[in-house]
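Walk through this model with the coordinates open. Start with burial, then move on to helix geometry.

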Amino acid sequence: MLLLTLFLIFFEIGIVTFGGGYAMIPLIQAKLVGGGFLSLEEITDMIAISEMTPGPFAVNMATFTGMKLGGLPAAAVCTLGVVLPSLLIIMLVATVSSRMQENKTVKAVMHGIHPAVVGLIAAAALSIGKTALFPMGLAAGISLSSLVLALLCLFSIKKCGLNPIVAIVASGVAGIFLFGGV
């Protein structure tokens, strides 16, 4: 039953998520945290791991979630669930794309989807930011160490061109010293 449930969750995530892996984060949170499968902290950790490992973010999230919840069979089911909708949609679009490229309605739909994707990514950023910057809850106040680390990463990536993977690894090392891992 768990495998079917996980397949359906990730199939739904895969079929309704436009704009890449980050746009799926709010739905992943709603389904997995809301369904009692994972905590918000676990989701945040998986996002970090999925970002720094090779491969598409969505596939990595599905695979890591499956491994955590049910081992290799669940990982395979979650991964299949998240990629199957895209595969089917791409095959359909590829067969009719030449006729659709100049269609005014298709252009208008795509123009309308773009801002929605930005909103989904912003919602995910706010949710993850709350977890990362207020690890003890809003009432306890912001973690200045986390804020400085986040701003350093933002500056290093945007202004200095630092590779995001290097920023994640460096932040992990800094976390050992800042947050008592040693």
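N60 is buried: its relative accessible area is 9%, and the cut-off for buried is under 20%. This is a predicted model. N60 belongs to helix α4, which covers residues 57–100.

What does N60 touch, apart from residues up to four places away in sequence? The list is S50, T53, P54 and G55. T53 deserves a second look. The side chains of N60 and T53 are joined by a polar contact of 3.1 Å. Now look from N60 to I113. The two are 53 residues apart in sequence. Their C-alpha atoms lie 24 Å apart in space.

Stay on helix α4 and go to T65, which also has its place there. T65 has a relative accessible area of 0%, so T65 counts as buried. Set aside the neighbours within four places in sequence. T65 is then in contact with F10, L32, L38 and M46.

F10 leads to helix α1, where F10 is one of the buried residues. The others are L6, I9, I13 and G14. How are these buried residues arranged around the axis of α1? They cover an arc of only 130 degrees, and therefore sit on the same side of α1.

Check the length of helix α1 too. The helix runs over residues 2–16, which makes 15 residues. At 1.5 Å a residue, α1 should span 21 Å. The expected span takes one less than the number of residues, so the multiplier is not the full residue count. The end C-alpha atoms of α1 are 21 Å apart, which agrees with the expectation.

Terms used:
Residues are numbered from 1 along each chain as its sequence is written. This is a predicted model: local features need pLDDT of at least 70, side-chain atom pairs count only at pLDDT 80 or more; totals for chains, interfaces and linings use all residues. Side-chain values use heavy atoms; hydrogens and water are left out. Helices (H or I, at least four residues) and strands (E, at least two) are DSSP runs, numbered from the N terminus. Buried means under 20% relative accessible area, exposed over 50%, partly exposed in between (1.4 Å probe, protein chains only). Contact means heavy atoms within 4.5 Å. A polar contact is a pair of N or O atoms within 3.5 Å; within protein, one must be able to donate a hydrogen and the other to accept it, and residues adjacent in sequence count only if both atoms are side-chain atoms. The arc is that of the directions from the helix axis to the C-beta atoms.
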